[in-house]
Amino acid sequence: MFDYFSYQNNQLCAEQVSLADIAQRFGTPCYVYSHAALTDGYRQFEAAFVGHEHLICYAVKANPNLAILHLLARLGAGFDIVSGGELQRVLAAGGGAGKVVFSGVGKTVAEMRMALDAGILCFNVESEAELVRLNEVAGQMGKIAPVSLRVNPDVDAKTHPYISTGLKQNKFGVAYTEALTLYCRAGDLQHLRVTGMDCHIGSQLTETSPFIAAAEKVLTLVDALANEGIRFEHLDLGGGLGIRYSDETPPSIADYVAALLGALQGRSEKIIVEPGRVLVGNAGVLLTRVEYLKHGEEKNFAIVDAAMNDLMRPALYDAYHHIQPVQSKQDTPSPQSSPASGRGGERERQSLIYEVVGPVCETGDFLGHARELAIEQGDLLAVMSAGAYGMSMSSNYNTRPRAAEVMVSGTVAQLIRERETVQQLFVGEKTFLL
Ligand SMILES: *Cc1c(COP(=O)(O)O)cnc(C)c1O
């Protein structure tokens, strides 16, 4: 499950670097990513698609760090963006605009201009009003905008309601029943060129069946449009493949791609996918230190230095993240192997059930409920599977500077984002003067 994070001599390591060393060098809280995990995930997609024209567009919002974008760009990835800011990140990281698809329900005029200027591969348009606006903006610029419509196939992704996007009641995409009319409309707009069809039904999907159901509905529509003389260069089947956080059993990348290709049997259109979480989720951990242990009347609390502002998923979705001690409790270090450590050697630490919580002033500020841990004040913990929607959803709530980010490859650990300073948080703020 966490192949690139394993215990070596009872010390949890990222590849070959101990997390304890990383904490000492870079401080906590700190996100740590495995270069090999990122590379392998991407290569699994490439391998699974061999023989079918394809483009793997990494969903930038899952983790937009420039080092991660740069790595994926060098491996050949395209990018799925949802804002002008993400486009600028992709370009700054050396990603090619010609491999960028632009999703999202609220694209502004300025964002459309920026994307048209850059020359992106495709706009995934999510409403009729957006189609009209894009046509106008492209016309003013003397350009032709390549478009897909994001079709809402009305299938149940069987995932958390907040990350389910392909149901009729969701804000995303155009209704399946209106798609045909809208494609005909798009075909009539002078400054648009219809190039594809797009769908994305949700995130953290752990079965292939909803993907297949969505793909089949997309194909039915593609065939209906062929009768109207509208043909597609690509089919974008979105992202959403889930990962294992605890006991989920999502399909492998290979099985997922095989299932998609199976549903598309015999079609020649280029296939685009937009994976986010599955590429980065289990490639990262959040490293945190126990500040205090507090034994309340009903519960024991492990108060750590990471909080909901660093990793929002538990507070937002009641999401589960595995939490592991960096030094495993089986450890009985000999005096030679750990000369500086005066603890953990002689006596077996007591294991207790803890609420793992942060310092933020919210009851919702927890990283894990009821975790059995044998820990002491000052110990390090790793919050696993934190590479996706961790740093990217972080905030400065409680005026907490954002965590540092570190990338590991083999025995090398490098800072890829400095810890924010409080001074940086003040920038732009002004005293009100009458
Ligand atoms: C968020 C998102 C993705 C990525 O979803 P994952 O579950 O992280 O794979 C892909 N496409 C679109 C349009 C998205 O909004």
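Is asparagine 398 buried, exposed or partly exposed? Asparagine 398 counts as partly exposed, because its relative accessibility is 33%, between the 20% limit for buried and the 50% limit for exposed. The model is predicted. The domain assignment gives domain 1 (5-32 + 281-328 + 348-426) and domain 2 (35-278). A ligand is present, with 15 residues around it.

**Domains**
- The centres of domain 1 and domain 2 are 32 Å apart, taken over C-alpha atoms.
- Each side brings residues to the contact: 21 residues from domain 1 and 21 residues from domain 2.

**Nonpolar cores**
- The largest nonpolar core holds 101 residues. Phe45, Phe123 and Met197 touch the most other members.
- Helix H8 (residues 209-227) gives the most to this core, at nine residues.
- Both domains take part in this core: domain 1 (5-32 + 281-328 + 348-426) and domain 2 (35-278) each supply at least three residues.
- Another core, of 20 residues, lies apart from it. Its members include Leu12, Val17, Leu380 and Ala413.
- Methionine 197 touches residues including Ser148, Leu149, Val151 and Tyr183, not counting residues up to four places away in sequence. By the same count, Val218, Leu221, Val222 and Leu225 are also among those that methionine 197 touches. So are Phe232, His234, Leu235 and Asp236.

**Ligand**
- Lys61, Ser203, Glu274, Arg277 and Tyr389 come nearest to the ligand.
- In serine 203, a side-chain N or O atom is 2.3 Å from an oxygen atom of the ligand.
- In glutamate 274, a side-chain N or O atom is 2.5 Å from a nitrogen atom of the ligand.
- Arginine 277 uses its backbone: an N or O atom there lies 2.7 Å from an oxygen atom of the ligand.
- The ligand taken alone exposes 390 Å², and the protein buries 95% of that.

**Glutamate 126**
- Glutamate 126 sits in the loop between strand S8 (122-125) and H6.
- This residue is buried, because its relative accessible area is 4%, and buried means under 20%.
- Its side chain makes a polar contact with the side chain of arginine 150, at 2.9 Å.
- Phenylalanine 172 is 46 residues away along the chain, yet the two C-alpha atoms are separated by 6.5 Å.
- Leaving aside neighbours within four places in sequence, glutamate 126 is in contact with Ser103, Gly104, Val105, Lys107, Arg150, Phe172, Gly173 and Val174.

**Methionine 141**
- Methionine 141 belongs to helix H6 (residues 128-141).
- Its contacts are Arg113, Leu116 and Asp117, leaving aside neighbours within four places in sequence.
- Arginine 113 is 28 residues away along the chain, with 7.9 Å between the C-alpha atoms of the pair.

**Backbone features**
- Threonine 28 and proline 29 are joined by a cis peptide bond, with omega about -10°.
- Proline 29 is in the loop between helix H1 (19-26) and strand S4 (30-34).
- Serine 385 has a positive phi, near 55°, in a residue other than glycine.
- The place of serine 385 is the loop between strand S19 (380-383) and strand S20 (404-409).
- Serine 385 is buried, with a relative accessible area of 1%.
- Asparagine 398 also lies in the loop between S19 and S20. Its phi is positive, about 70°, although it is not a glycine.

Key. Residues numbered from 1 in each chain as written. Predicted model: local features only at pLDDT ≥ 70, side-chain atom pairs only at ≥ 80, totals over all residues. Heavy atoms only, no water. Core = buried A, V, L, I, M, F, W, Y, C linked by side-chain atoms within 4.5 Å. Buried < 20%, exposed > 50% of the residue type's maximum accessible area, 1.4 Å probe, protein only. Helix = DSSP H or I, 4+ residues; strand = E, 2+ residues; numbered from the N terminus. Domains from an automatic or database assignment. Contact = heavy atoms within 4.5 Å. Near = heavy atom within 4 Å. Polar contact = N/O pair within 3.5 Å; in protein donor to acceptor, adjacent residues only side chain to side chain. Areas by Shrake-Rupley, 256 points an atom, 1.4 Å probe, with all protein chains shown as cover.
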